[in-house]
Amino acid sequence: MQKYILGNWKMFKTQDEIESFCDSFNVLLNNDDRLKHANIVIGIAPTYVGLSTFKLSNKTSAIVMAQNVNIETNGPYTSQVSYSQLKDLGVNAVLIGHSEVRSYLHESDVLINKKVLTLLKNNMVPILCVGETLQEFEQGKTKDVLNKQLTINLQNIDLKTVEHLIIAYEPIWAIGTGKTATIEIIKNTFIAIKNILNHLLGVSSNKVALVYGGSVNEKNAVDILKTKNVDGVLVGGASLDPQKFYTIIKSIPTYQKG
């Protein structure tokens, strides 16, 4: 299976800053021959207003992703961006159900399910984010929360399309807090996710890529990426710096093997 290093820029970077990032990132990636043989998918999700700038400035194999999407093709939905508009721009991967979207925009599991199904139906890649709050974690409810989210978020999914699905486990208590789940927590949680997916999707669950997100940085990436069942990482703040993001990319085991 391919390995994934995905960056979420959230609401950061002006157009000039995006161009500056790409100038440095282009040099780092294009001068690295080992990347060509490492089977790594690199993706970055700027804000909507930065999508075109990143796409034009990026001269690497990195793909451009979006941070959210509306399930309608078009219509009277002020402030929204449709999947068809993103696809027309060359965006084929979208973050769905990020904890900040669930919290600030109050997106329900039912709506998130509709977004996952819409993207898969239109040959786009949903990066489905799931995870528990600090209170839920401390109460030992992590598995129950993940089971509820995944059961609803993946309802009525076409098993023929799951190979295009990526699931990102992002413990909410470890996002932007500087706290990172221990390797043992990540290991056990990914086993739980695997078991849930096996129940929901059967043998097709083996086609679903699983990535970890939650204060991933250039220092802890190596240990996270070599953890069993972890197919990649979803990076927040560290992805804003081209050198730090590049260091995380080089932490992938397939890269290190050369």
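**Entry 1, cores.** I looked up the nonpolar cores first, and the largest has 65 residues, with Leu-128 and Ile-167 having the most contacts inside it. For this I took a nonpolar core as a set of buried Ala, Val, Leu, Ile, Met, Phe, Trp, Tyr and Cys residues joined through side-chain atoms within 4.5 Å, where buried means under 20% relative accessible area, exposed over 50% and partly exposed in between, with a 1.4 Å probe and protein chains only. Helix H8 gives the largest share of this core, 6 residues. Apart from this core lies another of 14 residues, among them Ala-93, Ile-127, Cys-129 and Ala-209.

I note that the model is predicted, so that local features need pLDDT of at least 70 and side-chain atom pairs count only at pLDDT 80 or more, while totals for chains, interfaces and linings use all residues. Residues are numbered from 1 along each chain as its sequence is written, and side-chain values use heavy atoms, with hydrogens and water left out.

**Entry 2, Leu-128.** Leaving aside residues up to four places away in sequence, I found that Leu-128 touches, among others, Ile-96, Arg-102, Asn-153 and Ile-167, contact being heavy atoms within 4.5 Å.

**Entry 3, barrel.** I then followed the strands and found that 8 of them close into a barrel in the order S1-S2-S3-S4-S5-S6-S7-S8, with parallel pairing; strands (E, at least two residues) and helices (H or I, at least four) are DSSP runs numbered from the N terminus, and two strands pair if DSSP finds at least two bridges between them. Neighbouring strands of this sheet are turned by 25° against each other on average, direction ignored. Strand S4 (residues 93-96) pairs with strand S5 (residues 125-130) in the parallel sense over 4 bridges, and Ala-93 stands opposite Val-125 in S5. Helix H8 (residues 183-201) packs on the sheet, touching S6 (166-169) and S7 (209-213), and its direction makes about 145° with that of S7; axes are lines fitted to C-alpha atoms, for helices over the stretch in contact, and angles run from 0 to 180 degrees between N-to-C directions.

**Entry 4, rings.** I counted rings of Phe, Tyr and Trp (its six-membered ring) as paired if their centres lie within 6.5 Å, planes under 30 degrees apart being stacked, over 60 edge-to-face and the rest tilted; this rule gives 7 aromatic pairs. Phe-21 and Phe-25 form a tilted one, 5.0 Å centre to centre with 35° between the planes. Both are buried, and because Phe-21 and Phe-25 are 4 residues apart in helix H1 (residues 15-30), about one helical turn separates them.
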